[in-house]
Amino acid sequence: MWGILKYKFDKFPARLKVARKMVELGLRIGEDQKIYCGNLRINDVSLAKAANVDRKAIKHTVNFIVSDSELLKIFQNILPAGTLLKNIAKNLGLGVIEIEVGDENSGILATASKLISQERISIRQAYATDIQLEETPTLIIITEENVPGELIKEFLKIKGVLRVSIY
C-alpha cells in the first residue's frame with residue numbers, strides 16, 4: 001500500500017502527509033466526500049493541524065483521492081483499529097510487552113505468543129505498528145497478567161527482535 005501512496009502522491013508532499021495521517025488514525029472518506037473515523041465526522045482544520053499542513057491540503061487530498069479509483073477503494077474502506085490498551089494496562093491489572101523489531105520480522109508474533117502461552121498467560125491484545133509507517137516498528141502485546149521479567153532473555157533470542165520491555 002505504501003508503494004502506491006508514495007507513487008501517487010510523489011509530487012504532492014502535503015497531500016502525502018494527509019494520506020499518511022489518515023492511514024495512521026484509521027480515517028476514511030465517506031460517500032459524501034467528508035473524512036470520518038468510524039461514523040464520527042472529522043473536521044478539516046483538526047486534521048490539518050494533526051498532519052501539520054494547511055487546511056486547503058485536506059480538500060485537495062480528498063479531491064485527489066476521489067478522482068483516483070485505486071486510491072478511493074483504499075480510503076473508502078479504512079477502519080479504525082480500536083482502543084490500544086497499552087497506556088491503561090496497569091490501571092486494568094494487565095501486563096505489557098513491547099518488542100522493537102528490525103527489518104527481518106517474520107514469525108516474531110508467533111514465537112512471542114508461544115513463549116507467553118508456555119507461561120499459561122493469556123494474550124488480551126496484540127498490536128504491531130506498520131514497518132513502512134514507523135521509524136521504529138514495534139509489537140505490543142497486552143497480557144491478562146504481568147509476564148515474568150526472565151522472559152526478556154527468551155524474547156531477545158527471537159530473530160529480528162532488537163529490544164524488549166516488560167511492564
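Which residues does lysine 21 touch, not counting residues up to four places away in sequence? In this predicted model, the partners of lysine 21 are Leu47, Ala50 and Ala51. Lysine 21 makes a good starting point for a tour of the structure, and its place is in helix α2. Is lysine 21 buried or exposed? Its relative accessible area is 18%, and because the cut-off for a buried residue is under 20%, lysine 21 counts as buried.

Before going further into α2, a view of the whole chain is helpful. The protein chain holds 8 helices and 7 strands. Along the principal axes, its C-alpha atoms fill a box of roughly 50 × 30 × 25 Å. The chain has 167 residues, of which 38% count as buried. Among contacts with a separation of 6 or more, 63% are made by residues 24 or more positions apart.

Helix α2 covers residues 13–25, 13 residues in total. At 1.5 Å a residue, a span of 18 Å is expected for this helix, and the end C-alpha atoms are indeed 18 Å apart, which agrees. Lysine 21 has company in being buried: Arg15, Val18, Ala19, Met22 and Val23 of α2 are buried as well. What covers these buried residues? The cover includes the helices α1 (2–8), α3 (44–51), α4 (55–66) and α5 (69–75), together with the strands β1 and β2. After α2 comes glycine 26, which has a positive phi, near 75°.

The strands β1 and β2 also belong to a sheet. Three strands form this open sheet, in the order β1-β2-β3, with antiparallel pairing. β1 (28–29) and β3 (40–41) stand at the edges with a single partner strand each, so one side of each has no neighbour in the sheet. β1 is joined by 2 bridges to β2, which spans residues 35–37, and the two strands run antiparallel. Within this pairing, arginine 28 has tyrosine 36 of β2 as its bridge partner.

Further along the chain, β4 (95–101) pairs with two other strands. With β6 (138–143), the pairing of β4 is antiparallel and extends over 6 bridges. Here glutamate 100 stands opposite threonine 138 of β6. With β7 (161–166), β4 shares 5 bridges, again in the antiparallel sense. In β7, the residue opposite glutamate 98 is serine 165. How enclosed is β4 by the rest of the structure? Of its 7 residues, 6 are buried, so β4 is largely enclosed.

Glutamine 125 lies in strand β5. Neighbours within four places in sequence aside, glutamine 125 is in contact with Thr83, Leu84 and Leu85, and also with Ile140, Ile141 and Ile142. Between glutamine 125 and lysine 17 there are 29 Å in space, C-alpha to C-alpha, and the two residues are 108 residues apart in sequence.

The next topic is the empty space around these elements. Rolling a probe the size of a water molecule over the atoms reveals where such space is left. How much volume does the largest pocket have? The value is about 480 Å³. Its lining consists of 21 residues, and those nearest the centre are Val23, Glu24, Leu25, Ala81 and Tyr127. Two elements, α2 and β5 (123–128), give two or more residues to this lining. β5 gives the most, with 4 residues. By class, the lining of the largest pocket has 13 nonpolar, 5 polar and 3 charged residues. One of the residues nearest the centre, Val23, is also among the buried residues of α2.

The second largest pocket holds about 200 Å³ of space. It is lined by 13 residues, with Lys86, Glu98, Thr129, Thr138 and Ile140 closest to its centre. Which strands supply at least two residues each to this lining? They are β4, β6 and β7, and β4 pairs with both β6 and β7. Some of the residues closest to the centre have already appeared: Glu98 stands opposite serine 165, while Thr138 stands opposite glutamate 100. Ile140, another of these residues, is in contact with glutamine 125 of β5. The lining of the second largest pocket divides into 5 nonpolar, 4 polar and 4 charged residues.

Definitions and conventions:
Residues numbered from 1 in each chain as written. Predicted model: local features only at pLDDT ≥ 70, side-chain atom pairs only at ≥ 80, totals over all residues. Heavy atoms only, no water. Pairing = 2+ DSSP bridges. Expected span 1.5 Å × (residues − 1). Buried < 20%, exposed > 50% of the residue type's maximum accessible area, 1.4 Å probe, protein only. Contact = heavy atoms within 4.5 Å. 1 Å grid on protein atoms, 1.4 Å probe; cavity = no way out; pocket = protein on both sides within 12 Å on 5 of 7 lines; lining within 4 Å. Points joined across faces, edges and corners; volume = space filled by probe spheres on them. Nonpolar A, V, L, I, M, F, W, Y, C, P; charged D, E, K, R; others polar.
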